Amino acid sequence: MYIPTISPYAFKIGPIAVHWYGIFMAISIAIGGYYLYKEAMKLNYDEDFLLNLLMIVVISGVIGARLMFVLANYPEWFIKNPIQVLKIYEGGLSWHGAVLGGFLAGLYYCRKKGVRINPLEDFAVLGLSIGNILVRIGNIFNQEVLGRPTEFAFGRWPAQLVGVAMGVILLIRYFYIQKKHMPDGYQFWSFIFYYQLMRGLIEETVRDNPLIWPVYLNEKWGIGFFTLTQLVTPFILILAYWMIRRVLNDPNKQFYN
């Protein structure tokens with residue numbers, strides 16, 4: 001969706017401008033963090049450990065999101081304009097970088113403390129799903145993550161709403177799978193699998209991203225292949241599927257030791 005009259009700012013206090021995008025991201029982090037904390041406490045995890053873990057994961061997730069975005073879009077900044085890399089307030093975060101950064105930092109901390117991460121990463125799925133919903137709504141206010149132009153009556157594809165729908169589907173799926181009491185780790189890796197599948201096949205197909213390997217572009221329908229995300233999708237699906245099979249074959253094993 002492209003609404004040129006909408007403001008990206010919720011409010012301003014002097015020179016300080018608060019973006020809707022930042023508010024939605026903060027809400028999703030708060031909801032996801034509180035849910036993980038609440039559910040983990042039921043499993044008798046140490047409270048201090050959980051609070052430290054959440055802080056580490058959030059900070060590392062933001063760092064990973066920024067570094068991945070810059071690496072994928074403006075790698076020259078690392079050499080020519082490193083200060084620009086730090087300007088998160090000007091926009092530019094990667095979902096994949098956020099998940100990777102948060103996961104690796106959380107994994108390191110859990111291994112250092114001798115704590116099993118599998119149940120915790122499953123609890124994180126709720127926050128990831130809600131984050132996908134709210135951040136895509138924030139993208140509408142920022143007039144970014146636009147869909148490709150088409151010759152249909154609706155003009156551009158509503159790529160942000162496609163992302164919102166993906167988040168809703170994954171959130172509903174999370175609660176459905178919770179009732180089945182699957183092995184620890186299944187929720188997280190199956191979430192990664194189905195998110196990436198929908199992202200690569202649907203959202204990226206109609207999203208106005210540059211085609212790294214321009215195999216197909218239909219300007220009338222507004223669809224194209226292959227963006228960078230589409231090219232890496234098979235590798236992410238293979239990794240996620242491999243982890244799913246390992247979890248199902250040996251539910252009691254900690255696979256990150």
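Analyst: One thing before we dig in: UniProt positions follow the numbering used here, with shortened feature names, and an annotation may be inferred rather than shown by experiment. Also, keep in mind that this is a predicted model.

User: Fair enough. Where does UniProt place the "binding site" feature?

Analyst: The unreviewed UniProt entry puts that feature at Arg136. In the model, arginine 136 belongs to helix α6.

User: Is arginine 136 buried or exposed?

Analyst: Here you need the cut-off: buried means under 20% relative accessible area. Arginine 136 has 9% relative accessibility, so it counts as buried.

User: Which residues does arginine 136 touch?

Analyst: Skip anything up to four places away in sequence, and you're left with Gly131, Val145, Gln160, Gly163, Val164, Arg199, Glu203 and Arg207.

User: Some of those must belong to another helix. How do I read a helix pair in general?

Analyst: You describe two packed helices by the angle between their axes and the distance between the axes. Take α6, residues 118–142, and α7, residues 159–178: their axes come within 8 Å and cross at roughly 160°. Angles over 145 degrees count as roughly antiparallel, and α6 and α7 are therefore roughly antiparallel to each other. Their crossing is left-handed.

User: Which residues of α6 and α7 meet?

Analyst: On the α6 side they include Asp122, Phe123, Ser129, Arg136 and Asn139, and on the α7 side they include Gln160, Gly163, Val164, Tyr174 and Gln178. Sorted by class, this contact has 15 nonpolar, seven polar and two charged residues.

User: How do the axes of α1 and α6 cross?

Analyst: Helix α1 covers residues 20–42, and its axis comes within 8 Å of the α6 axis, crossing at roughly 170°. That makes α1 roughly antiparallel to α6. The residues of this contact divide into 18 nonpolar, seven polar and one charged.

User: Back to Asn139. Is asparagine 139 buried or exposed?

Analyst: Asparagine 139, which lies in helix α6, is buried, with a relative accessible area of 3%. Leaving aside neighbours within four places in sequence, asparagine 139 is in contact with Tyr21, Glu144, Val145 and Gln160.

User: Val145 has turned up twice now. What should I look for in the backbone of a loop residue?

Analyst: Most residues other than glycine have a negative phi, and most peptide bonds are trans. Valine 145 sits in the loop between α6 and α7, and its phi is near 55°, a positive value in a residue other than glycine. Valine 145 is also buried, with a relative accessible area of 13%. In that α6–α7 loop you'll find glutamine 143 too, with a positive phi of about 55° although it is not a glycine. At 24% relative accessibility, glutamine 143 counts as partly exposed.

User: And the peptide bonds: which residues does a cis bond join?

Analyst: Look at phenylalanine 225 and phenylalanine 226, which are joined by a cis peptide bond with omega about 5°. Phenylalanine 226 lies in the loop between β4 (223–225) and α9 (228–249).

User: Last one. Where does UniProt place the "transmembrane region" feature?

Analyst: The unreviewed entry lists several spans, among them 123–141, 157–176 and 222–244. You can check such a span against the model's own secondary structure. Residues 157–176 are 90% helix and 0% strand, with end C-alpha atoms 30 Å apart. Residues 222–244 come out at 74% helix and 13% strand, and their end C-alpha atoms lie 34 Å apart.

Definitions and conventions: Residues are numbered from 1 along each chain as its sequence is written. This is a predicted model: local features need pLDDT of at least 70, side-chain atom pairs count only at pLDDT 80 or more; totals for chains, interfaces and linings use all residues. Side-chain values use heavy atoms; hydrogens and water are left out. Axes are lines fitted to C-alpha atoms, for helices over the stretch in contact, and angles run from 0 to 180 degrees between N-to-C directions. Helices (H or I, at least four residues) and strands (E, at least two) are DSSP runs, numbered from the N terminus. Angles under 35 degrees count as roughly parallel, over 145 as roughly antiparallel, 65 to 115 as roughly perpendicular and the rest as oblique. A crossing is left-handed if the near helix is turned anticlockwise from the far one by less than a right angle, and right-handed if clockwise. Contact means heavy atoms within 4.5 Å. Ala, Val, Leu, Ile, Met, Phe, Trp, Tyr, Cys and Pro count as nonpolar, Asp, Glu, Lys and Arg as charged, and the others, Gly among them, as polar. Buried means under 20% relative accessible area, exposed over 50%, partly exposed in between (1.4 Å probe, protein chains only).
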